[in-house]
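Please open the model in a viewer and keep the sequence panel visible. The tour below proceeds by selection, with a note on what is found at each stop.

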Amino acid sequence: MDASLAGLVHDYGYLAVLVGSLLEGEAILLLAAYAAHRGYLSLPVVIAVAFVGATLGDQFFFFAGRFFGPALLRRFDSIASRSSRVDALLLRHSALLVIGLRFTYGLRIAGPIILGMSTLSARRFLLFNAIGALLWAPAIAAAGYLLGHVIEAMIVDLKRFELYGLGVVACLLVLIGVVSHLRGRR
């Protein structure tokens, strides 16, 4: 069973990091960095793939906001009436906002869409989006890699519990994501 898990991680790990990073990405990146700690993946490649996926994902959502946002604003008069004030605020703090959104769980998709609806230039968004991804990918990957050291120090015979541990971590991350999503809907 362990060899097949290692094979799956080896064969599809980088693809999972890319797809996961196109969306929220933290959970996948943490697990991929842990897999790098265990020797299944290369940490520099995991970081590079996460950087590319995160940058491309946010650019996609930015342009989705740019192309579909005006129609959305026309449907909601209360939002449209405030959009110029919000737009001025976004432009004034765009660098910090774009970089900070990268580290704000739950706003990684909505944030770029909202910014795409503003008058923030695509070039400026790309610059700060790339800077944010360049900070985010190594920071989250380092946390996952260090988590591997902590787990290894706590459990001497990690091989025996690896599959269960990954399952528990994955379940906890999904639970946190669901709770966060439900809280955001309120």
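**First stop: alanine 50**

Select alanine 50, which lies in helix α3; helices here are DSSP runs of H or I with at least four residues, strands are runs of E with at least two, and both are numbered from the N terminus. Alanine 50 is buried because its relative accessible area is 0%; buried means under 20% relative accessible area, exposed means over 50%, and partly exposed lies in between, with a 1.4 Å probe and protein chains only. Next, add alanine 137: the two residues are 87 apart in sequence, yet their C-alpha atoms are 5.8 Å apart in space. Leaving aside residues up to four places away in sequence, alanine 50 touches Val17, Ser21, Leu29, Trp136 and Ala137, a contact being heavy atoms within 4.5 Å.

The model is a predicted one, in which local features need pLDDT of at least 70, side-chain atom pairs count only at pLDDT 80 or more, and totals for chains, interfaces and linings use all residues. Residues are numbered from 1 along each chain as its sequence is written, and side-chain values use heavy atoms, with hydrogens and water left out.

**The whole chain**

Zoom out and colour by secondary structure. The chain has eight helices and zero strands. Of its 186 residues, 34% are buried. Among contacts with a separation of 6 or more, 84% are between residues 24 or more positions apart. The chain exposes about 11100 Å², of which carbon and sulfur atoms supply 73%; these areas come from the Shrake-Rupley method with a 1.4 Å probe, and for residues only the protein chains shown count as cover.

**Glutamate 26 and tryptophan 136**

Select glutamate 26 in helix α2, which spans residues 26-37. Is glutamate 26 buried or exposed? Its relative accessibility is 13%, so glutamate 26 counts as buried. Show side chains, and a polar contact of 3.3 Å appears between the side chains of glutamate 26 and tryptophan 136. Such a contact is a pair of N or O atoms within 3.5 Å; within protein, one must be able to donate a hydrogen and the other to accept it, and residues adjacent in sequence count only if both atoms are side-chain atoms. Beyond residues up to four places away in sequence, glutamate 26 touches Arg102, Tyr105, Arg108, Trp136 and Ile140.

Now centre the view on the ring of tryptophan 136. The charged end of arginine 108 sits over this ring, 4.8 Å from its centre. Arginine 102 also lies over the face of tryptophan 136, at 5.5 Å from the ring centre. A charge sits over a ring if NZ of Lys or CZ of Arg is within 6 Å of the ring centre and within 35 degrees of the ring normal.

**Helix α5**

From arginine 102, extend the selection to helix α5, residues 94-102, where Ser94, Val98, Ile99, Leu101 and Arg102 are buried. These residues cover an arc of only 160 degrees around the axis, which puts them on the same side of α5; the arc is that of the directions from the helix axis to the C-beta atoms.

**The phenylalanine cluster**

How many aromatic pairs does a search of the whole structure find? The search finds four. In one of them, the ring centres of phenylalanine 62 and phenylalanine 125 are 4.4 Å apart and the planes are at 15 degrees, so the pair is stacked. Rings of Phe, Tyr and Trp (its six-membered ring) pair if their centres lie within 6.5 Å; planes under 30 degrees apart count as stacked, over 60 as edge-to-face and the rest as tilted.
Phenylalanine 62 in helix α3 (residues 43-75) and phenylalanine 125 in helix α7 (residues 122-154) are 63 residues apart, and the pair links distant parts of the chain. Both phenylalanine 62 and phenylalanine 125 are buried.

Add phenylalanine 63 and phenylalanine 67, a stacked aromatic pair with 6.2 Å centre to centre and 25 degrees between the planes. Both lie in helix α3, four residues apart, about one turn of the helix. Phenylalanine 63 counts as partly exposed because its relative accessibility is 32%, whereas phenylalanine 67 is exposed, with a relative accessible area of 61%. Ring pairs link Phe62, Phe63, Phe67 and Phe125 into a cluster.

**Last stop: proline 138**

Finally, select proline 138 in helix α7. Proline 138 is partly exposed, with a relative accessible area of 32%. Setting aside residues up to four places away in sequence, proline 138 touches Ile47 and Ala133.
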